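Reader: I'm new to this one. Could you take me through the largest pocket and what surrounds it?

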Amino acid sequence: VARRRLRWLPESMGMAGGLNALHRVASRVLFSNGLLDPWSAGSVTVSPPASRSRSLVTLNLPHGSHHTDLGSWGNPAPSAQDSAELVSARR
């Protein structure tokens, strides 16, 4: 019989203590999210309070989709086809 392990993902990713404890196990992380991507619901979309960490930052692209911020095979680097939102985010 399989058991549901609802805490497995947060625990395996160092987030068992939630967002406010993330600074204990991570630093210098930029969490970039395309909010049209369904996976963004499970991502870090809010930066921890500045008193906790200045090196854990979120960057949300409201009109971005999966890997928009990383480019694609046809667009691995900034290009003229990038949206204004993506150009701004990359700065």
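Author: Here is a walk through the pocket, with a look at the rest of the chain along the way.

A word on the source: this is a predicted model, where local features need pLDDT of at least 70, side-chain atom pairs count only at pLDDT 80 or more, and totals for chains, interfaces and linings use all residues. Residues are numbered from 1 along each chain as its sequence is written, and side-chain values use heavy atoms, with hydrogens and water left out.

Let's get our bearings. The chain has 2 helices and 2 strands (DSSP runs numbered from the N terminus, helices being H or I with at least four residues and strands E with at least two). Along the sequence they come as α-β-β-α. Of the 91 residues, 21% are buried, where buried means under 20% relative accessible area, exposed over 50% and partly exposed in between, using a 1.4 Å probe and protein chains only.

Now the pocket. Rolling a probe the size of a water molecule over the atoms shows where empty space is left. On a 1 Å grid over the protein atoms alone, a pocket is an open set of points where a 1.4 Å probe fits, with protein on both sides within 12 Å along at least five of seven lines; lining residues have an atom within 4 Å of a point. The largest pocket has a volume of about 260 Å³, which is the space filled by probe spheres set on the points, with points joined across faces, edges and corners. Its lining is made up of Leu9, Pro10, Met13, Met15, Phe31, Gly42, Ser43 and Val44. By class that gives 6 nonpolar, 2 polar and no charged residues (Ala, Val, Leu, Ile, Met, Phe, Trp, Tyr, Cys and Pro count as nonpolar, Asp, Glu, Lys and Arg as charged, and the others, Gly among them, as polar).

Leu9 deserves a second look. This residue sits in helix H1 and is partly exposed, because its relative accessible area is 46%. Besides lining the pocket, Leu9 joins Trp8 and Met13 in a nonpolar surface patch, with about 350 Å² of accessible area together.

Away from the pocket, Arg28 lies in the loop between helix H1 (8–12) and strand S1 (29–34). Its phi is near 55°, a positive value in a residue other than glycine, and at 77% relative accessible area Arg28 is exposed. Further on, Ser55 belongs to the loop between S1 and S2. The C-alpha atoms of Ser55 and His23 are 8.3 Å apart, with their positions 32 residues apart along the chain.

Note on methods. Patch = residues over 30% accessible without salt bridge, like charges linked within 9 Å, V, L, I, M, F, W, Y side chains within 5 Å. Areas by Shrake-Rupley, 256 points an atom, 1.4 Å probe, with all protein chains shown as cover. Salt bridge = Lys/Arg side-chain N within 4 Å of Asp/Glu carboxyl O.
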